[in-house]
Amino acid sequence: MSFQRYQDLGHHITRIDTAMVRDELAACYLLKGGDDYAIIETGTHHTVPIILELLEQRRIRPEQVKYVIPTHVHLDHAGGAGGLMRALPGATLLIHPRGARHMIDPARLKAGAMAVYGEATFARIYGDVIPVDESRVRIMEDGERLTVGDRELIFYDTPGHAKHHFCVHDPASAGIFTGDTFGISYPALTTEHGPFIFPTTTPVQFDPPALKASINTLLELNPERLYLTHYGMVEHPRPLGERLQGMIDDYVTVAESIAAGLAVDEWQEVLHEAMLAYLSGAALDHGCQLDDDALEAILDMDARLNSQGLTVWLQSRAES
Ligand SMILES: [Zn+2]
């Protein structure tokens, strides 16, 4: 199917492409309950006008958006929160207890991303990160419920990818907005065997047992569909979850074998190559028809992020 900026997924949910880096890399979602709306994930600061354009197309007044809900404070999920909150005067920002201070004062988030990417790339990918007024921030604890018009959302603490991560259960669609907890599945890698899914271990809080437990938490809700940030809706979650559990074990095995044989300063580079080889191999096993260059173009950024996160995890384990 050709690329769609906005895709209606049924159940009054629309998938929005955030336009981060490339098409079909990162999504956010518009959810309707009665006359009220919520936006789940924000993309980056560059995504704000894309979301506002959809509201205009649908003749939704800014005041009708009651909630802005990033699953965690990584900038591909929450980078647009400040800009969006400025444009939506009736909205409250809902965030994990460990994420709130970073939304109110994003200086550390911004500095962290600038250190990784450099100033020019930061500006191109993320634009800016604007603070959210403390009075408009509400913390959502594990198990807390929220009413959006005629539907109810339930929030679950899901550490493992990050300690500041929650997922949002939407019983009305039998769906869950999974952020990065339930991995990544790019549509370009979907085959006749279904979506190609893999875990994401972005630095700096990857925790394999916690991530596996969080995936189980989501599966125990018996969802029929998941709304991944990377990327879009997937159905039949159980076999996907089982595959993710096995791949988390594989990541750990690969990382440990590299750590056992090499000096610390070599870990990340070797892990990057190993991750790219592992993910490309898994995609080919899944029946993907792309050549090596096309696979690398899609998977290399995640191979690098995963290698960085696994290196931080190995180091923190070596220190404890
Ligand atoms: Zn992400």
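**Reading strands, helices and two domains**

Colleague: I started at Glu 41, which is found in the loop between E4 and H1. What is the phi of Glu 41 near?

Modeller: A good place to begin, as long as we keep in mind that this is a predicted model. The phi of Glu 41 is near 70°, a positive value in a residue other than glycine.

Colleague: Which strands form the open sheet with E4 in it, and in what order?

Modeller: Here is the general idea. Strands of a sheet pair through backbone hydrogen bonds, either parallel or antiparallel. In this case seven strands make up an open sheet with mixed pairing, and the order is E1-E2-E3-E4-E5-E6-E7. The edges belong to strand E1 (6-8) and strand E7 (137-139); each has a single partner strand, so one side of each is left without a neighbour in the sheet. Ignoring direction, neighbouring strands are turned by 25° against each other on average.

Colleague: Do E6 and E7 pair in the parallel or the antiparallel sense?

Modeller: Strand E6 (residues 92-95) and E7 pair in the parallel sense, over three bridges. To find the spot on your screen, look for Ile 95, which stands opposite Ile 139 in E7. While you are at this sheet, look for helix H1 (residues 48-57), which packs on it. H1 touches E1, strand E2 (13-17), strand E3 (27-33) and strand E4 (36-40), and its direction makes about 140° with that of E2.

Colleague: Which strands stand at the edges of the other sheet?

Modeller: Let me give you the whole row before the edges. This open sheet has six strands in the order E8-E9-E10-E11-E12-E13, again listed with mixed pairing. Strand E8 (145-148) and strand E13 (232-235) are the edge strands, each with a single partner, so one side of each has no neighbour in the sheet. From one strand to the next, the twist averages 25°.

Colleague: How many bridges join E8 to E9?

Modeller: Four bridges join E8 to strand E9 (residues 151-157), and the two run antiparallel. As a landmark, Thr 147 stands opposite Glu 152 in E9. When you look along strands like these, a general point helps: in a regular strand the side chains alternate between the two faces of the sheet.

Colleague: And at the E13 end, how many residues are in the hairpin that joins E12 to E13?

Modeller: The hairpin connects E12 to E13 through three residues. Strand E12 (residues 225-228) pairs with E13 in the antiparallel sense over four bridges, and Arg 225 stands opposite Glu 235 in E13. The loop between E12 and E13 also holds Tyr 231. The peptide bond from His 230 to Tyr 231 is cis, with omega near 10°.

Colleague: Where does Val 204 lie? I ask since I noticed the peptide bond just before Val 204.

Modeller: Val 204 lies in the loop between strand E11 (175-179) and H7. The peptide bond from Pro 203 to Val 204 is cis as well, with omega near 15°.

Colleague: Now the helices. At what angle do H5 and H6 pack?

Modeller: In general, two packed helices are described by the angle between their axes and the distance between the axes. Helix H5 (residues 107-117) and helix H6 (residues 119-126) pack at about 120°, with axes 7 Å apart, and H5 passes H6 in a right-handed crossing. On the H5 side, Ala 113, Met 114 and Tyr 117 meet Glu 119, Thr 121, Phe 122, Ile 125 and Tyr 126 in H6. By class, that contact has six nonpolar, one polar and one charged residues.

Colleague: How far apart are the axes of H7 and H8?

Modeller: Helix H7 (residues 208-219) and helix H8 (residues 237-261) have axes 10 Å apart and pack at an angle of about 175°. H7 and H8 are therefore roughly antiparallel to each other. Residues making this contact include Leu 211 and Ile 215 of H7, with Leu 244 and Ile 248 of H8 among their counterparts. The contact of H7 with H8 counts eight nonpolar, two polar and two charged residues.

Colleague: Last one: into which domains is the protein chain divided?

Modeller: The chain is divided into domain 1 (6-237) and domain 2 (242-319). Domain 1 gives 23 residues to the contact and domain 2 gives 22 residues. On the side of domain 1 that touches domain 2, the residues divide into 15 nonpolar, six polar and two charged. The centres of domain 1 and domain 2, taken over C-alpha atoms, are separated by 24 Å.

Definitions and conventions: Residues numbered from 1 in each chain as written. Predicted model: local features only at pLDDT ≥ 70, side-chain atom pairs only at ≥ 80, totals over all residues. Domains from an automatic or database assignment. Contact = placed C-beta atoms within 7 Å. Nonpolar A, V, L, I, M, F, W, Y, C, P; charged D, E, K, R; others polar. Axes fitted to C-alpha atoms, helices over the stretch in contact; angles between N-to-C directions. Parallel < 35°, antiparallel > 145°, perpendicular 65-115°, else oblique. Pairing = 2+ DSSP bridges. Left-handed = near helix turned anticlockwise from the far one by under 90°.
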